[in-house]
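Biologist: Hello! Could you walk me through this protein, one question at a time?

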Amino acid sequence: MELRNSFKRQAISYQAFAGLRSQLASLGLQLAAYGLWLTLSGCSISLTGAALAPDVKTFSVETFPNRSGQGPAGLSQNFTEDFRDYFQRNSSLKLDPSGNGDLQFSGAITGYTIAPVNASSQNGQERAAANRLTVTIQVRYVNTKDEKANFDQSFSGYEDFEQSRSAGTLDDGFIRQITNRILTDTFSRSLANW
């Protein structure tokens with residue numbers, strides 16, 4: 001009986017030791033991650049994924065005019081403001097309102113199209129189950145510190161909506177779902193260098 005109790009105490013002791021060892025390992029990983037974060041925060045790499053040279057401090061964004069001939073009246077202003085906000089929120093860069101940032105963005109809204117998608121046949125007639133709004137933005141990017149990074153590229157995004165819904169009822173929130181994807185792609189292309 002005493003031998004059995006001795007084994008139980010040893011088993012409990014081993015379980016306690018194993019639990020303590022697991023907690024210490026977890027704490028060690030947390031400390032290592034924190035140390036890595038401290039190390040990287042002093043470098044030119046941001047944890048948001050933006051890889052910037054240390055001398056890049058500012059960015060500027062010219063107004064993106066709507067040259068598509070379509071879309072709501074506020075599309076140009078909303079996209080430009082969202083562009084500025086997105087880059088301020090997701091990088092350490094400061095906005096230079098004079099237009100002379102270290103990184104300079106310009107371009108235009110070149111496409112705003114609605115087309116039927118998911119066509120099906122009912123009673124011998126083709127009918128669209130939904131419509132798709134596609135927005136296309138041409139972006140010119142100038143990196144004044146590294147001209148090899150410059151680009152002039154078109155970015156597109158789309159969202160489907162019910163066929164019964166009128167294009168005039170598409171609100172800013174719906175359109176921003178599309179333009180936010182374009183902003184993410186532009187950010188990745190310019191700052192994360194994908």
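**A guided look at the fold**

Modeller: Gladly! Buried residues make up 30% of the 194 residues in the protein. Please keep in mind that this is a predicted model.

Biologist: Which order do the elements follow from the N terminus on?

Modeller: Let us begin with the counts: the protein has three helices and five strands. Read from the N terminus on, the elements run α-β-α-β-β-β-β-α.

Biologist: What share of the contacts with a separation of 6 or more joins residues 24 or more positions apart?

Modeller: Here we set aside contacts with a separation below 6 and look at the rest. Among those, the share from residues 24 or more positions apart is 64%.

Biologist: How far apart are the end C-alpha atoms of helix α3?

Modeller: Helix α3 covers residues 172-190, which is 19 residues. At 1.5 Å a residue, α3 should span 27 Å. The distance in the model agrees with that, because the end C-alpha atoms are apart by 26 Å.

Biologist: Where does α3 bend?

Modeller: The bend in α3 is about 25°. The residue there is also listed among the buried residues of α3, along with F174, I175 and I182. The bend is at I178.

Biologist: And what span should α2 have?

Modeller: Helix α2 has 16 residues, and we again count 1.5 Å for each. Its end C-alpha atoms are 22 Å apart, which agrees with the expected span of 22 Å.

Biologist: Which kind of aromatic pair do F87 and F105 form?

Modeller: The structure holds 14 aromatic pairs. In the pair of F87 and F105, the centres are 4.8 Å apart and the planes are at 55°. An angle over 60 degrees would count as edge-to-face and one under 30 as stacked, so this pair is tilted.

Biologist: How many residues apart in sequence are the parts that this pair ties together?

Modeller: F87 lies in helix α2 (residues 75-90), while F105 lies in strand β3 (residues 103-122). Both F87 and F105 are buried, and both belong to one aromatic cluster that also includes F59, Y141 and F187. The pair therefore ties together parts whose separation in sequence is 18 residues.

Biologist: Which ring does the charged end of R132 sit over?

Modeller: There are two arginines to look at here: R165 lies over the face of F174, at 5.3 Å from the ring centre. For R132, the charged end is 4.0 Å from the centre of the ring, and that ring belongs to Y158.

Biologist: Is N131 buried or exposed?

Modeller: N131 lies in strand β4 (residues 125-143). Beyond its neighbours within four places in sequence, its contacts include I114, V117, E159 and F161. Its relative accessible area is 14%, and the cut-off is under 20%, so N131 is buried.

Biologist: How far apart are the C-alpha atoms of Q138 and A108?

Modeller: Q138 is also in strand β4, and at 22% relative accessibility it counts as partly exposed. Leaving out residues up to four places away in sequence, Q138 touches A108, F64 and D152, among others. Q138 and A108 are 30 residues apart along the chain, yet their C-alpha atoms are separated by 5.4 Å.

Biologist: Last one: what separates the C-alpha atoms of G71 and V135?

Modeller: G71 is in the loop between β1 (58-61) and α2, and it is partly exposed, with a relative accessible area of 39%. Along the chain, G71 and V135 are 64 residues apart. In space, their C-alpha atoms are separated by 9.2 Å.

Methods:
Residues are numbered from 1 along each chain as its sequence is written. This is a predicted model: local features need pLDDT of at least 70, side-chain atom pairs count only at pLDDT 80 or more; totals for chains, interfaces and linings use all residues. Side-chain values use heavy atoms; hydrogens and water are left out. Helices (H or I, at least four residues) and strands (E, at least two) are DSSP runs, numbered from the N terminus. Buried means under 20% relative accessible area, exposed over 50%, partly exposed in between (1.4 Å probe, protein chains only). Contact means heavy atoms within 4.5 Å. The expected span of a helix is 1.5 Å times one less than its number of residues. The bend at a residue is the angle between axes fitted to the seven residues ending there and the seven starting there. Rings of Phe, Tyr and Trp (its six-membered ring) pair if their centres lie within 6.5 Å; planes under 30 degrees apart count as stacked, over 60 as edge-to-face and the rest as tilted. A charge sits over a ring if NZ of Lys or CZ of Arg is within 6 Å of the ring centre and within 35 degrees of the ring normal.
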